[in-house]
Amino acid sequence: MDHIQKSKSLIPGGVESNIRLFDPHPFVSRRGDGPYLYDIDGNKIIDYALGYGPLILGHRHPKVVDAVKKQVDRGSMFGSPTELPPKYVEIVRKAMPSIEMFRFTNSGCEATMTSLRVARAHSGKEKIAKAEGSYHGGYDYMMQSVDIPEDKLKKGVKCQPPVPWGNGLPKCISDLAVIYPFNEWEETEDIIRKNADELAAVIAEPIHAGGGCVAPRDGYLKKLRKLTKELGILLIFDEVLTGFRVAWGGAQERYGVKPDLTCIAKVAGGGYQLGGFGGRKELMEAILPCDEGFVYHGGTYNAHAVSVAAGYATLKELSKSGTYSKLERNGNMLFNGLRDHAKDRGVDTWVENIGSLGEVFFTDKEVRTWRDELGVDGAKWERWFLSAISEGVFFGVPHPDGHAFTSLAHTDDVIEKSLEILDGAFKTVAE
Ligand SMILES: Cc1ncc(COP(=O)(O)O)c(C=O)c1O
């Protein structure tokens, strides 16, 4: 508490990213190990936030630590090509065959941002269609209808025109966004057809999880692929959160849909700053200077040697046989357990999970769209979330429409212990 108070006088909110803020105050971590965080007061906390997604092997996995140490000893920045990036990209291409060529960035935000530029250059058009409620990174073009303040939200509709999220965004930027409702196929098709002549790309989180967690239903992604192909519009999958998380080949493997461009980050860097985007060769080669010009892409820290070493070690570990069935199993164990406990305690919830990614929504209705997420009971969630923390479980992104992850370090024992604590938290809510 003292630490946070002091920190708040120096750093807005005492946090380095708004998402980390929650009332009464976040705990302060000192170290992480496997599935655990240890705070500055000596508490041992089972971690389901996992750095907001990247730590699929758990904290300080020995293979990652070893790779990082070795790289630090050799040097961390060179400003010239190094040996590992092409080896890394070969793994990415094997996992996601839609990626023929790839460029590194430092984050998911930069990956999606540059992919939009590639799409605009390729098509000669400017508008981008994004889903209502989706998050693709904190830059102006995509800070549209990420969330909608209560006073600007049009109720009783499935989707509304772009609403800037937060202040400081130029008004004209909103005109470049077209908003569609994820999982509402008729409205999505209608909006995309109406704007087709001006759309450079449709960007989609294949699982709506930047905010919340909603799986695609009724062949939604396949329909999106068919429609964009028919209309000659590029389809970009933002797999920052789902890449190497919901399957080795990401959501595109899980749902059998091949996008034109893909963005990855989070798990791809194994806990270090690494992102990137890739796709068909002819799209990616537009980055290179030629007579017709080029699509600018740069970054001092792109393919930072330590990050690539950590990412490479992580992907190598993940590529071992049985990895994703283990993750699927432990994700199902956690979220099925939560479904049962909530039901037994008489607490209305909708529990969504796609393998090791999931969320507990406090609502008596099914959550199949972003608009459904708006109906969750924030007060109940807060009671549950804080009760869990006080007993030693940090259940994911600290917001009622967040999401949580399991890692390979979450053994059955750890999950059983977590379920005991989380059941106690349901009991508190029921009371
Ligand atoms: C789906 C999605 N896209 C993009 C981003 C931005 O990634 P980063 O925070 O690495 O910039 C996030 C971050 O949470 C995300 O969940």
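Begin at the ligand. The residues of its shell divide into 4 nonpolar, 5 polar and 3 charged. Keep in mind that this is a predicted model.

**Stop 1: the shell**

Select S107, G108 and C109, then Y135, H136 and G137. Add E205, G210, D238, V240, L241 and K266. These are the residues around the ligand. Show them as sticks.

**Stop 2: polar contacts of the ligand**

Stay with the ligand and turn on the backbone atoms. Go to G108. One of its polar backbone atoms is 2.9 Å from an oxygen atom of the ligand. Step on to C109. Here a backbone N or O atom lies 2.8 Å from a ligand oxygen. Now pick Y135. What kind of ligand atom lies 3.3 Å from a backbone N or O atom of Y135? It is a nitrogen.

Switch on the surface. How much of the ligand does the protein cover? On its own, the ligand has 390 Å² of accessible area, and the protein covers 81% of it.

**Stop 3: the sheet of 7 strands**

Change to cartoon. Find the open sheet of 7 strands and trace it in the order 4-10-9-8-7-5-6. The pairing is mixed. Now select residues 101-105, which are strand 4, and residues 177-180, which are strand 6. Why is one side of each left without a neighbour in the sheet? Both stand at the edges with a single partner strand each, so nothing in the sheet flanks the other side. Turn the view to follow the twist. From one strand to the next it averages 20 degrees.

**Stop 4: strands 7 and 8**

Move inside this sheet. Select residues 199-204 for strand 7 and residues 234-238 for strand 8. Parallel or antiparallel? The two pair in the parallel sense, over 4 bridges. Click A201 and look across to strand 8, where its bridge partner is L234.

**Stop 5: helix 6**

Select residues 185-195. This is helix 6, which lies across strand 5 (127-131), strand 6 and strand 7. Line up the view with strand 6: the helix runs at about 160 degrees to it.

**Stop 6: the sheet of 4 strands**

Leave for another open sheet, made of 4 strands in the order 1-2-3-13. Its pairing is mixed. Which strands form the edges? Select 29-33 for strand 1 and 393-394 for strand 13; each pairs on one side only.

Finish with strand 2 (residues 36-39) and strand 3 (residues 44-47). They run antiparallel and are joined by 3 bridges. Click L37, and find I45 opposite in strand 3.

Notes. Residues are numbered from 1 along each chain as its sequence is written. This is a predicted model: local features need pLDDT of at least 70, side-chain atom pairs count only at pLDDT 80 or more; totals for chains, interfaces and linings use all residues. Side-chain values use heavy atoms; hydrogens and water are left out. Two strands pair if DSSP finds at least two bridges between them. Axes are lines fitted to C-alpha atoms, for helices over the stretch in contact, and angles run from 0 to 180 degrees between N-to-C directions. Contact means heavy atoms within 4.5 Å. A residue is near a molecule or strand if one of its heavy atoms lies within 4 Å of it. A polar contact is a pair of N or O atoms within 3.5 Å; within protein, one must be able to donate a hydrogen and the other to accept it, and residues adjacent in sequence count only if both atoms are side-chain atoms. Accessible areas come from the Shrake-Rupley method with a 1.4 Å probe; for residues, only the protein chains shown count as cover. Ala, Val, Leu, Ile, Met, Phe, Trp, Tyr, Cys and Pro count as nonpolar, Asp, Glu, Lys and Arg as charged, and the others, Gly among them, as polar.
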